[in-house]
Amino acid sequence: MPTEMTLYTINGSCSDAVVALCAHLGLPVELRERRDHDADLATVNPSRTVPTLVTDDGLTLTETTAILNHLARSFAAEMLGRTPAMRARNDEMLSFLATSVYNAFLLRFRPDRSAEDPAAQQAIRAMSDAEIAKVLDMLETRISNQTFALGENLTSSDFFLLVMLNWADRIDGGLLRSRPKLAAHFEALKEMPFHARAFGAQAA
Ligand SMILES: N[C@@H](CCC(=O)N[C@@H](CS)C(=O)NCC(=O)O)C(=O)O
């Protein structure tokens, strides 16, 4: 068990996935909201993105999927998938979430990342609805009929999935209500003990 790690976060962002996994695994971690620790974050990660994890043995790690899998590999290897095929499915789901799904939401939340011109940003934001619907439909098809993303066992990809389902719900609750498997997964993840431990009053 590590003595203490540091995790730089922004509430409601992809760092929530790592906050939730740390809560699930009971890891000792100091959470530092970026707005309060911006200068410290810049010294370990000049791009100042979250999540950024600094471990007690001096490893600084960025990228949500890399951090989730590093923690799973270190403390609960079964969460990477219990067979080679399930590990491949877990990698596949994580890659899909981190690229196609993440990028669709980025169009909505950060059109400034794609264009400087305000009119172009408006147009990008408008087209994000169709992109988000498309990736949510793909997710609805790919996700298991059982409790968790890949079946009956919780894997590291469930934690990134939780962030994406939160974002969809934040935009419009109907996006999940019209996709019953995603809605059921969202409810199941919110019922997990780690959710209350990680987000407490924020979850209410
Ligand atoms: N590909 C990275 C994305 C990192 C990233 O851009 N994180 C966002 C939050 S989801 C962030 O730090 N936004 C604040 C900023 O870019 O200043 C990952 O999966 O962790």
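Biologist: Let's start with Glu 63, in the loop that runs between β4 (60-62) and α3. Is Glu 63 buried or exposed?

Modeller: Bear in mind that this is a predicted model. The relative accessible area of Glu 63 is 56%, and the cut-off for exposed is over 50%. So Glu 63 counts as exposed.

Biologist: What is phi of Glu 63 near?

Modeller: Most residues other than glycine have a negative phi. Glu 63 isn't a glycine, yet its phi is positive. The value is near 75 degrees.

Biologist: Which residue in the loop between α2 and β3 has a positive phi without being a glycine?

Modeller: That loop connects α2 (38-44) to β3 (52-54). The residue to look at is partly exposed, because its relative accessibility is 28%. Its phi sits near 60 degrees, and the residue is Arg 48.

Biologist: Staying in that loop, which side chain does the side chain of Ser 47 make a polar contact with?

Modeller: Ser 47 is in the loop between α2 and β3. It counts as partly exposed because its relative accessibility is 47%. At 2.8 Å, its side chain makes a polar contact with the side chain of Asn 45.

Biologist: And the peptide bond from Val 50 to Pro 51, is that cis or trans?

Modeller: Pro 51 belongs to the loop between α2 and β3 as well. In general, most peptide bonds are trans. From Val 50 to Pro 51, though, omega is near 0 degrees, which makes the bond cis.

Biologist: Moving on to Thr 55, what distance separates its side chain from that of Asp 57 in their polar contact?

Modeller: Thr 55 is in the loop between β3 and β4. It is buried, because its relative accessible area is 8% and the cut-off is under 20%. The polar contact joining the side chains of Thr 55 and Asp 57 is 2.4 Å.

Biologist: Which residues is Thr 55 in contact with, leaving aside neighbours within four places in sequence?

Modeller: Thr 55 is a loop residue between β3 and β4, and it is buried at 8% relative accessible area. With the sequence neighbours set aside, its contacts are Met 5 and His 70.

Biologist: How many residues of helix α1 are buried?

Modeller: Helix α1 covers residues 15-25 and is mostly covered. Its buried residues include Val 18, Val 19, Leu 21 and Cys 22. Of its eleven residues, the buried count is ten.

Biologist: Which elements do those buried residues of α1 pack against?

Modeller: Two of the partners are strands, β1 (5-9) and β2 (29-33). The others are helices: α3 (64-75), α6 (156-171) and α9 (193-199).

Biologist: Which residue just after α1 takes a positive phi?

Modeller: Helix α1 spans residues 15-25. The residue just after it has a phi of about 65 degrees, and it is Gly 26.

Biologist: How far apart in space are Glu 92 and Ser 157, C-alpha to C-alpha?

Modeller: Glu 92 lies in helix α4 (residues 84-109) and counts as partly exposed because its relative accessibility is 38%. Its side chain also makes a polar contact of 2.7 Å with the side chain of Arg 89. In sequence, Glu 92 and Ser 157 are 65 residues apart. In space, the C-alpha separation is 9.1 Å.

Biologist: Is Ser 144 buried or exposed?

Modeller: Ser 144 lies in the loop between α5 (118-142) and α6. Beyond residues up to four places away in sequence, it touches residues including Lys 181 and His 185. At 13% relative accessibility, Ser 144 counts as buried.

Biologist: Zooming out, what is the radius of gyration of the protein?

Modeller: The protein contains nine helices and four strands, and its C-alpha trace spans about 45 × 40 × 35 Å along the principal axes. A compact globule with 204 residues would have a radius of gyration near 17 Å, and the protein agrees with that. Its own value is 17 Å.

Biologist: Last one: what share of contacts with a separation of 6 or more comes from residues 24 or more positions apart?

Modeller: Of the 204 residues, 47% count as buried. For contacts with a separation of 6 or more, the share from residues 24 or more positions apart is 66%.

Technical notes
Residues numbered from 1 in each chain as written. Predicted model: local features only at pLDDT ≥ 70, side-chain atom pairs only at ≥ 80, totals over all residues. Heavy atoms only, no water. Rg over C-alpha atoms; globule rule 2.2 N^0.38 Å. Buried < 20%, exposed > 50% of the residue type's maximum accessible area, 1.4 Å probe, protein only. Contact = heavy atoms within 4.5 Å. Polar contact = N/O pair within 3.5 Å; in protein donor to acceptor, adjacent residues only side chain to side chain.
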